[in-house]
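Grab a pencil and work through a few short exercises. Each one comes with a solution that goes step by step.

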Amino acid sequence: MANTVLITGCSSGFGKATAHEFARNGWNVVATMRDPAAGTEFSEVPNVLVTRLDVQDQSSIDGAIAAGIDHFGGIDVVVNNAGFAINSIFETIPKAKVQEIFEVNTFGVMDVIRAILPHFRAKHAGTIVNVSSGVGVFGLPLASLYNASKFAVEGFSESLSYELSSIGVTIKLVEPGAAPSTGFPARSGSETARLDVPEEYRDFIDAALGVYKGFRTGADENVIDKVAKGIFAAATDGSDRLRYVLTEDIKPMIKARRETSEDEYVAYMRGVFPYGRQK
Ligand code: NAP
């Protein structure tokens, strides 16, 4: 019998591409999204069940898991992909937005995992792939809340790996870098960083956005497919490896974080990104 994956956030970007990647490889796919109307293209793909899952709505999480088990006879892998970014000056971001980003990027991941664990525990098997980010490993300017939400996912997943190993469940963290061709920037909108911020931050914002623009123009065009393949490989390699860096662009920063001293790492990052008073 084919294996089954449930993926959150399949309406666009990495989630959509990952659903296609699993389906291409003969898997059953529970392609979940907030609005199933966004998943009409999957009606052409065999063994894909499109169903509603909003990570901020527990009944929709429970419903999607039950529908997947009912339709395909079980779930073997869960990919927690749904998420969004806010790129702006922390001081200007209202508390409701702070709560929303944690609700989706961090607590949403926890709620999906809590809901699938009884099924995995009963089978003494299962794999969870959490889509983190380079920003789950190193801090970037204008990304304080997104950074915080992904750092939390990293620490949560690493700690959880110990207790889940005792019930036969594997957890993995995948770390993609920048993929400007997903729907991501539209929702996070780095251009919004320029709006409604105190004058004192403007030179800093311009300098930071200038560095990001350089990264964007250098970004790999096939990055979405590469990330989808990387998620599939992490989910199916049969190992209990915890972390996977999925794109080239973040490797220098990951290397600085993981292979140099704290002082060297901080000096490196402050050499790449604006630090201190600009102009
Ligand atoms: P995307 O195209 O904007 O996709 C994000 C997905 O998350 C969409 O399907 C969106 O659904 C869904 N989503 C948002 N809030 C949700 C909620 N409350 N419940 C369920 N689904 C929700 O962006 P992406 O780049 O593919 O992002 C996917 C993941 O990769 C995210 O976790 C992101 O943090 C991570 N990531 C992205 C990048 C990048 O540069 N793009 C880099 C590293 C990591 P709607 O269509 O309903 O909004």
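Buried means under 20% relative accessible area, exposed means over 50%, and partly exposed is in between, using a 1.4 Å probe and protein chains only. This is a predicted model, where local features need pLDDT of at least 70, side-chain atom pairs count only at pLDDT 80 or more, and totals for chains, interfaces and linings use all residues. Residues are numbered from 1 along each chain as its sequence is written, and side-chain values use heavy atoms, with hydrogens and water left out.

**Exercise 1.** Decide whether phenylalanine 273 is buried or exposed.

Step 1: look up the relative accessible area of phenylalanine 273, which is 6%. Step 2: compare that with the cut-off; phenylalanine 273 is buried. Step 3: try tyrosine 212 too, which counts as buried because its relative accessibility is 17%.

**Exercise 2.** Classify the ring pair of tyrosine 212 and phenylalanine 273.

Step 1: recall the rule: rings of Phe, Tyr and Trp (its six-membered ring) pair if their centres lie within 6.5 Å; planes under 30 degrees apart are stacked, over 60 edge-to-face, and the rest tilted. There are 5 aromatic pairs in the structure. Step 2: here the centres are 5.9 Å apart and the planes are at 50°, so this pair is tilted. Step 3: place the partners, with helices (H or I, at least four residues) and strands (E, at least two) taken as DSSP runs numbered from the N terminus. Tyrosine 212 is in helix H6 and phenylalanine 273 in the segment after H9, so the pair ties together parts 61 residues apart in sequence.

**Exercise 3.** Do the same for tryptophan 27 and phenylalanine 232.

Step 1: their ring centres are 6.3 Å apart with planes at 80°, so call this one edge-to-face. Step 2: tryptophan 27 sits in the loop between helix H1 (13-24) and strand S2 (28-33), while phenylalanine 232 belongs to helix H7 (residues 223-236), 205 residues apart. Step 3: both tryptophan 27 and phenylalanine 232 are buried. Step 4: ring pairs join Phe22, Trp27 and Phe232 into a cluster.

**Exercise 4.** Find the residues that touch the most other members of the largest nonpolar core.

Step 1: a nonpolar core is a set of buried Ala, Val, Leu, Ile, Met, Phe, Trp, Tyr and Cys residues joined through side-chain atoms within 4.5 Å. Step 2: this core has 55 residues, and the answer is Leu6, Ile128, Phe138, Leu140 and Leu164. Step 3: the largest share, 9 residues, comes from H3.
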